[in-house]
Each structure stands twice: as C-alpha cells, then as structure tokens.
Amino acid sequence: MLRILIEDSEGKSKLAPINPDAGDITIGRKEGNFIRLKERNVSRNHARIYQTPDGLFIEPVAARYGLKLNSSKIEGPTPLALGDEIRIGDYRLYIQDENKPNLKKEEDLNSVQDIPPEQQPRFVVISSNFAGREYHVMKTKVTIGRNTSSEICIEHQSVSGQHAEVRRNGRGDFEIRDLNSSNGTKVNGIPINEPWRLSSGDAVTLGHVTMRFCGPNDFWSLNFGINDEPKGGNKGIIALIGIAIIVVLALGFIYIGSILKPQQPQQPVQTANEDNDSKDKFNNYINDCQNAISKGDFDSAKTHCDLARDISPNDPKYLAVAEQLRKEKDSKDALVEVLESISNGDCRDAIDSLENIQKGTAAYITMLEKDYKTKALECLEKKLRDNALAAVERGEISEAERIRDEIKSQRENSPYLSPVDDAIRKAKSAARGGGGGGSRKSASANDAAPAPAPAAPAPAAIDVNELCSNAVRAKIGKDNCKAYELYKKAKKAGITDATCKRNADTHIAAFAAQCNK
C-alpha cells in the first residue's frame, strides 16, 4: 500500500496511509482535513490527493501560499509517482510504498545516523588556496562552517561559524540549506533561501569557497581544474601541452599589441561611478519596495525587492525589507482568512487565523481597530450557545453543560452563558418535578411552564439572536406557539444565523395551523 511521509522543517516525521477506497486525501490547516498541517504558511484547504483509473493525482484547492511538486510550482491536477516530493509551506511530503524493502523507519528519520562509506557523498573544493580538498558527508545530517564543532570545518574567513546544513531527506536525496550565514549559500550561482536538493556535479558556494558536490557513485576528483580521464593518460598530457602553447602564444600577442597600442590612462572614476550607480539602483529598489508595502501592493513590492536582491542579496537593508514584506503579506493573508471564516461560520478557523497576524503589521492594526478578535469569539460563542440549547431540547443535559463550560473557557463573562444556564436550570427543574406524587407533579408541571415575561420597553433595534434564543427556551418549556411567534418576528427582522433560520423554518411550518387558530 502507498503512504505519505510528512516531514516538518525540523526533520520530524509522521506517516499517513493512502487508501484508494477512503476517498480524497485533503491537506490543510483547517480542522477536519485528513492531513492537518498547522504552520501559518499552509492554507486552510491547501490541496487534495485523489485516485483515478489513470493513477494518483494532486491538485491545489485554495493554496494561497503555493504548491510545489519536485521543486516546480503546480496550478492544476498533476500525476503523482513513487518518490515524488510535495512542498507545502515548510513541510515536505513524500509518496512511498510501505512494502519497499529498504524503506527508512520513522524513528530513523528523526535521528542522526551514520552513513556507510559506500553511500557517502562528498564535497571537493574547486576554489581558494586549498582546492582539491575533499569532505565526506558521513552522517544523515551535518553542519558546514568555520567552527571546529562543525562536522565539515572550512577554515576560511568568508565562511560563517555555522554556515549551512546538509541532510538526507526521506527519499534518500541530500539537501543543503543556509543557516542565516553572513555571506550566503549558492548552488550553481543561485542564492538559496530554503532547502535545496543537491545533484551530483552541483557547484556549492559558501562565502568565497566553491565546492563540487559528488554523489556516492561519482568518482570525480580535482586534477589541475579538469576531470581525471580513466584512460588515455598520454592524450591528456598532450592536450595539456597543446593548451599551454596556445595560452603562451595568446599572451605573447596580447603583450606585443599592448606595446604597439598607445597606453590609455586608468580611469578609476568610472569604476566608482559604476559602483555608485549600482548603489543608487539598489537604494531606489529598496525605497520602491517599502512604498509598495505601505500601500499594500505586495506583488509590486516583491518585484522591487527581488531587483534589490539581485544586486546585493546579503545587504542588511534588503534582508530587513524582505522580512517586512513577508510579515505584512502573511498577516494580510491571515486577516483575509479571518474575515472569510467568520462569514462562513468557521469560527474556530477564524480564531486560529488570528494567531498568524503578527504584531506591528498593518493587518494587526486593522484587527485591533475593528476588534476582529471579539467578533471571532462571538462567532464561536453564538454557535456554541445554539448547540447547547439544541442539546437541552433533545434532553442531553450533560452535553449542554459540557458546551456551556466550553463557552466559559473562551470568556468567563460571555453574554452567551446566561441563556444556556437558564435553559439547563429549567430542564433540570422539569425533570425533578416529573418524579413526584400527583399533587406535587401537578404543581411542578405548573412551575415548569414558563411564566409570561413581563412587558419590557421596546428596544431601539430588534436583537434577532435574542429572539432565536427565546424561541428555543419556549420550545424547551413546551410553549410551541410562543416559539412560533418569536421565530416569525426573527424572520421578519432578518435572520443571518444559519442554525436559527433552519430551526425557524421547521418550527413555523410544523405549528402554523395550530397557532393560527
């Protein structure tokens, strides 16, 4: 049977089976997903995996933060195969066959293991004054840095103390990630900001030191900057001699030409101007990025930040504004999810999304100004209140008390506690009165019937939710016609709560004939 190996950013893993008969495998941050990933850069309903006669497929559902398969972003249904890597936020998911004989055990993935010599990859330095030096990756996770505590210690001033980390992932591939080094990490000239899967032959640059990554079966070694030839050693020597002669002749021609050609004075001012132009462009891009962030135009901000990164990827100004952009965008996305969740009645999701709005951002200020935290709590408490009243109506008093306690855990002074407490108390009183003698039973029955509420001054605005709550209490007290009238008033005022509307429609239809006599 196939299964999914799920790894988080710390290397911890868990397994989930793929059962074709169980339906779709939903993935997201929302409760109820088959695979729930709780990090903030995962959407509530991020993706789904499903089985067809043509095989296994994955597609994004509402992947606000993107969905990658084998490092490529996907926009629609895409077939899956054994060994495929799915990237969702900080998580990596791998499609595996549990019957594969050499499949790693879950407990092995969470600990650092020794790698047998025949399976060890290595790095060969191809730059600096110690070109040719080799470093073997002897464990499933190693650090590279200038500190002697690093498994791979590179004593070069451009290399940070803890510069990068290399580890073997769930598929057996090796990945490298930068550890917030001062001079950054590049693979084949590209700065990396997230784990990068290494392939044999990749050029890995740490600071000013460049190394070639060699897989376990790659026998490449440095020999004056060119590959060793397994055969034809004389041909290699002849080729080197020929290259040397060509270089000498070329240098000779260049030298003669430099003598005959009038010498031009050096112009250091031009180099300075070029540097100044580059700095000016960089600063302009940074300013444009910041202005776009302040306007909430994150697409434009990213474009300008990327241009600044291309000029100076490790400049503190760029790093600061890039982090600001990430926080602002993530917080804005979280605020949108809060509003969508409240609108859809997904109250718990709204409260979860509130935690992803970071302090100091524009979205955080909006959240405080609009008091969305209270609105999300009210959304949940209203739903819990209705569930508790419905439980009382069904005679499930213990369930109603449990829900009441949950409301209290949200807010001790919640205004939605009182109607639940009243309903529970009346239901218990009615139950006690039903077990006595005749006269007592009659008296208790009269006591259990709700006394007509004293007339109150008409409120300035009709509280529809209160009408719905009173209607439920009237139903509990068996006063169906009173509930009928309350539901009619609530419908006339405009019911927005789905549960109340459903109950109102059902009750009005059931008791219209009886209560209109």
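How many disulfides does the structure hold?

1. The structure holds three disulfides. The model is a predicted one, and the points below take the links in turn. As background, a disulfide is a covalent bond between the sulfur atoms of two cysteines.

2. One disulfide runs between Cys289 and Cys305, with 2.1 Å from S to S. Cys289 belongs to helix α3 (residues 268-295) and Cys305 to helix α4 (residues 298-311), so this link ties together parts that lie 16 residues apart in sequence. The angle about the S-S bond of Cys289 and Cys305 is -75 degrees, and the link is left-handed.

3. Are the two ends of that link buried or exposed? Cys289 has a relative accessibility of 0% and counts as buried. Cys305 is buried as well, at a relative accessible area of 3%. The cut-off for buried is under 20% relative accessible area.

4. Another disulfide is formed by Cys347 and Cys379, whose sulfur atoms are 2.1 Å apart. Cys347 sits in helix α6 (residues 347-354) and Cys379 in helix α8 (residues 372-393); with their positions 32 residues apart, the pair links distant parts of the chain. This link between Cys347 and Cys379 is left-handed, with -65 degrees about the S-S bond.

5. Burial at this link can be read from the two cysteines separately. Cys347 has a relative accessible area of 4%, so Cys347 is buried. Cys379 has a relative accessibility of 15%, and therefore Cys379 also counts as buried.

6. A further disulfide joins Cys481 to Cys515, and here the S to S distance is 2.3 Å. The cut-off for a disulfide is a pair of cysteine sulfur atoms within 2.5 Å. Cys481 is found in helix α13 (residues 480-493) and Cys515 in helix α14 (residues 498-515), so the link ties together parts 34 residues apart in sequence. The torsion about the S-S bond of Cys481 and Cys515 is about -95 degrees, so this disulfide is left-handed.

7. Which class of exposure does each end of the Cys481 and Cys515 link have? Cys481 is partly exposed, because its relative accessible area is 28%. Cys515, with a relative accessible area of 14%, is buried.

8. One more cysteine may be noted. Cys214 has a relative accessible area of 0%, so Cys214 is buried.

Notes:
Residues numbered from 1 in each chain as written. Predicted model: local features only at pLDDT ≥ 70, side-chain atom pairs only at ≥ 80, totals over all residues. Heavy atoms only, no water. Helix = DSSP H or I, 4+ residues; strand = E, 2+ residues; numbered from the N terminus. Buried < 20%, exposed > 50% of the residue type's maximum accessible area, 1.4 Å probe, protein only.
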